[in-house]
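Please walk through this structure with me, from its loops and backbone geometry to its sheets, helices and enclosed space.

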Amino acid sequence: MRIQPHLIGAAFRSALFFLVSINIAEVCSAETPHASSILRGLIASGCLAPSQTDPTTAELGSAISNCPPIDPVFRIESLTNTAKINRVSADDKCSIIATASEDKTARVYRGDGTLLSILRPPIGPGNGGKLRAVAVSPDGRLVATGGWDVAVGSTQAQQISGATMNNGVYIFDAQSGSLVKRIENFPYDIKNLVFSSDGKRLAVTMGGNVYVLDTEGFKPIFHDGSLEDMPYGVAFGPDYTLYVASLDGSIRKYNPKGRLVLARRFNRLGRVYGLVADPSGRYLLTSSIDVAGAIYFDAATLKIIGQLNPTGLTTTPLGILAGTIDGNVAGGGAWIDSRTGVGILRIWHPSQTYTDFELHNDSVAAITGCGSGFVFATYSQTLTRIDAEGKIQWKLQSANYSAYEKKGKAFLVSKDGRRVWFGLGRGAEDPVEFDLANERLFKSPVAGDGLFPAVDNVLPVTGWDASGDPRLGSLQLYHETDETFRSMAQLPNGGGFVLGSEFQLWAYDQTGKVVWRVKPPAPVHGANITRDGRLLVAAYNDGTIRWHRLTDGAELLALYLDRKTLAWIAWTPTGYFMSSPGGDNLGGWQINRGFHQSADFFPMSRFRDRFYRPDIVKLVLAKLDERAAIEAANAASDRKPAPLNPDVSEQLPPVIAITSPIDGSLAQPGTVSANYELRSPSGDPVNSIEVLIDGRPIDVKQTPPQATSSGATVLGKIDIPLPQTAYGKIEIGLIAQTPNRRSAVAKIALQVNAPQSDDLKPSLFALVVGISNYQASGIQPLQYAAKDAQDFRDLLQRQANGLYGAVEVKMLTDQGAKTGMIKEGLQWLADQVTRHDVGVVFLAGHGETDSRNRFWFLTADTDKAHLAATALSKEDIDVTLQSLRGRVVVFLDACHAGNAASDQGEGSVDTNALLGELSATGQDMVIFSSSSGREVSYESPDWKNGVFTKSVIEAIADGKADLFKTGRITSSLLDAYAAKRVGDLTGGRQHPLMFRPRDSADFDIAVVR
């Protein structure tokens, strides 16, 4: 039987990935709309040959058996790990640092803490793809990682076919993030990895086994499978001697050829977890789960010769260790100072003195030597680099809110579940409110009306708080062994309750009988059942809030937020989403490409036109069913109907990576030649390659070579002329464009040696527009939009000969701000701004979103019946912003209420959508908006301005945003001041926001004059 793509069964995908009892041949008779993308995915994964577009049943079965899941998987994505970091490693110079995490990624950072690449092995459901081990080669070129491999017991392919597959170690290129090799056929999940000091050997440990590989071809040098317990500690001596420490308190020593020359077991060591070898080859040190301090051994005899000072330490669950080449040793884990109860990291010096680094309510999860200091990760996913004396070099805090202690009044939910109030820190510390109906998340020091804590006292449920023995009265509740429960909520009418543990969500009726249980994506630390009894809202340790249907536990909606920026994204199970500006990069789709290629990740910003559907997201809680929400939203919208079962794989963006020069290279003034790899997973032709320098476009485009087969990788080269003003650290970016999609930006940083002129200041060019009076009678006049423009112009002009050498402003107000005039002003701005300058756009007036969710800025001569001909479109604005070669700053105050004194709560403009679309180009720009979501922007005679413009003027002209008294105001300081001031003036009805790309540095926007 031959299988035609359009005849593959409708049950094909579910049989392939979920229904293991269905034979492949039985699912090849009906139709499926996704058959072509399934076959394309198998070919892209290397599981089918490019010629096998018409596979036989046997060929298809073989491809399925030898491939990880190819269905897109929705993943949270922040610049830091979102789950526990199990290991940290660094190269000899501490120029490359890597982490391995249970969020199924390894992350590679430069020595200064900036993110270099994200490593993505194939992943699957459950534990499949969680990483436990990582090692950076001494030269910083390679990163090895592994853990719970998706190939073992978790792939649907294996379940269907009965194929036997094994754990692998994945070797990545640190710079590009591309997968170099998968080393296969290890019998258990990987526990630890370490390179020898010259990088020519790699040791791999797992349950009862240690392997040593030659890194030339990653072939085995030796293997010992006779270890009696788990070998977590492993270290090379200077001559390839290998030392392995296990949880049974044993230490083994192997000679360079792999012969076991000495083995000793020490009861006093307890369960050994960490092992460090002295670079000189004389000593070993071990750390233990059970013993405070660290034990010294003679490396030759494995005899104990001393102990590092354990004074003031007690051990609770974990002890880890790291050393540096100059003899400093650091120990941590869940160690606390027994005198103060403060978590610490202890650094012992060669002089036997020590320095304690305080961690307060946190503890060390992983640590590595880094130059003469250390890099360590904590249980809250904070990554910190310190010197040998404990001085912080940099700290990367997790973007996750803290799910801990989300109980009682620390986790409040409205009756219908559409509002949630919780702390970003533990419990109610630093509280925020998420308002689904108004599409906003904001700081909320005091909980608003109509928010309720979980009911917890109707039924006598006990033994659930940090315990594994929950009971209803005297009845011991059924649950899995080794479960620790963290959360509980009861139905207000006493009809049942829900318990959340580290591994599962359980629903019980009032008699204690299990109604349902689901496996959540992370430990459940908070739970609240809405007062209408329809929804369970849960706080998860992966940084999400999730809404579940109470009748069966089905997930309806999820929210993830960035704790620092308050950017957020909320999504349904099939991926329809709404977000704050920039929040569409906090989540996306991972698509596996077999076992021997890096998985792809596509942020949701690449799919805004298909998946940005706030109307669906806001309906899903009311309908209690995503399909019903989609159907209702389609019926009420003039937009193209949203598919009930969308296929992400149909139109994937192109993927581009810069292969040379490498990140951090030295470049000379003139022209840089960049080599790149390019492919189009969708098979669509790539029309052009665009070039950015420091996030802004330059006049270089290239039509790249075309692939010989769909999805194949092609190699290209592009010459990039560096502007004369480029010096110091600059960033080069490439964007690939197909007819339908733009790639994410491929970036590298270069160091350009050119003299910097102290006399060269940027010029500022601004187009300032404010419209209070409109020709059309159907458009309500505003009081202060034109005055806002005048005041903003004056504010900018006072910046001349300060931060900027010159300031030139074109101001258009009222009848001088007709559509054609504004378009001419935008063109003027594009003509004036050079790479060295700053371009500013200020728009104050009315905005409008039409029935197809398209934004229009209403000009003085707008006729609302003919917006396309008489108003300024989002595309008109967007074209100018994309063409500006210098830094871009935008101020939008276009969401005014129809009546200046109105208290209406919802405006006609979806600000989140507008800013999201303006920022989706991948270019570096900063956008300030007067309000968020569908809020209106207010003005009043009391302020004699729009409230947003008033706050900006106070911030800069009066210096009120100069919080640190430096005389300079940055974009983030302006944002912080405006947010608080506008909230205060409007009684919390209006919340301005700022968008800045999350990997873009803060910068000075004005000086105090």
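Pro661 sits in the loop that links strand 50 (655-660) to strand 51 (665-667), where helices (H or I, at least four residues) and strands (E, at least two) are DSSP runs numbered from the N terminus. The peptide bond that leads from Ser660 into Pro661 is cis, its omega being near 0 degrees. Most peptide bonds are trans, and most residues other than glycine have a negative phi. The model is a predicted one, in which local features need pLDDT of at least 70 and side-chain atom pairs count only at pLDDT 80 or more, whereas totals for chains, interfaces and linings use all residues. Residues are numbered from 1 along each chain as its sequence is written, and side-chain values use heavy atoms, with hydrogens and water left out.

Backbone geometry also draws attention to Asn185, a residue of strand 9 (residues 179-186), whose phi is positive, near 70 degrees, although Asn185 is not a glycine. Asn185 counts as exposed because its relative accessibility is 55%, the classes being buried for under 20% relative accessible area, exposed for over 50% and partly exposed in between (1.4 Å probe, protein chains only). Another exposed residue is Lys93, with a relative accessible area of 74%, which is found in the loop between strand 2 (85-90) and strand 3 (96-101). Lys93 is separated from Gly111 by 18 residues in sequence and by 8.5 Å in space, taken from C-alpha to C-alpha.

A further positive phi, of about 65 degrees, belongs to Leu566, again not a glycine, and this residue lies in the loop between strand 45 and strand 46. Leu566 counts as buried because its relative accessible area is 18%. The loop belongs to a hairpin with six residues between the strands, and strand 45 pairs there with strand 46 (residues 568-571) in the antiparallel sense over four bridges, two strands being taken as paired if DSSP finds at least two bridges between them. Within this pairing, Ala558 stands opposite Trp571 of strand 46.

Strand 45 (residues 555-561) has six of its seven residues buried, and it also pairs with strand 44 (residues 544-549), in the antiparallel sense and over five bridges. In that pairing Ile545 faces Leu559 of strand 45, while the hairpin of these two strands has five residues between them and includes Gly553 with a positive phi near 80 degrees.

These strands return in the surroundings of helix 6 (residues 614-623), in which Pro614, Ile616, Val617, Val620 and Leu621 are buried. The cover over these buried residues includes strand 43 (535-540), strand 44, strand 45, strand 46, strand 47 (577-579) and helix 7 (626-636), with contact meaning heavy atoms within 4.5 Å. Just after helix 6, Leu624 takes a positive phi of about 55 degrees.

Elsewhere, three strands form an open antiparallel sheet in the order 61-62-63. Its edges are strand 61 (847-849) and strand 63 (872-873), each of which pairs on one side only. Strand 61 pairs with strand 62 (residues 855-857) over three bridges, and Thr849 stands opposite Phe855 of strand 62.

Helix 13 (residues 947-957) contains Ser951, which is buried because its relative accessible area is 0%. A polar atom of the Ser951 side chain lies 2.6 Å from the backbone oxygen of Phe948. Leaving aside residues up to four places away in sequence, Ser951 touches Tyr977, Ala978, Arg981 and Val982.

The last topic is enclosed space. The structure holds five cavities of 30 Å³ or more, a cavity being a set of points, on a 1 Å grid over the protein atoms alone, where a 1.4 Å probe fits but cannot get out, with lining residues having an atom within 4 Å of a point. Grid points are joined across faces, edges and corners, and a volume is the space filled by probe spheres set on the points. The largest cavity encloses about 110 Å³. It is lined by 14 residues, of which Leu764, Leu796, Tyr804, Ile956 and Ile1005 are the closest to its centre. Helix 8 (785-797), strand 60 (838-844), strand 64 (887-893) and strand 70 (1004-1007) each supply at least two residues of this lining, and helix 8 gives the largest share, three residues. By type, the lining residues of the largest cavity are 13 nonpolar, one polar and no charged, where Ala, Val, Leu, Ile, Met, Phe, Trp, Tyr, Cys and Pro count as nonpolar, Asp, Glu, Lys and Arg as charged, and the others, Gly among them, as polar.

How values were computed
Polar contact = N/O pair within 3.5 Å; in protein donor to acceptor, adjacent residues only side chain to side chain. 1 Å grid on protein atoms, 1.4 Å probe; cavity = no way out; pocket = protein on both sides within 12 Å on 5 of 7 lines; lining within 4 Å.
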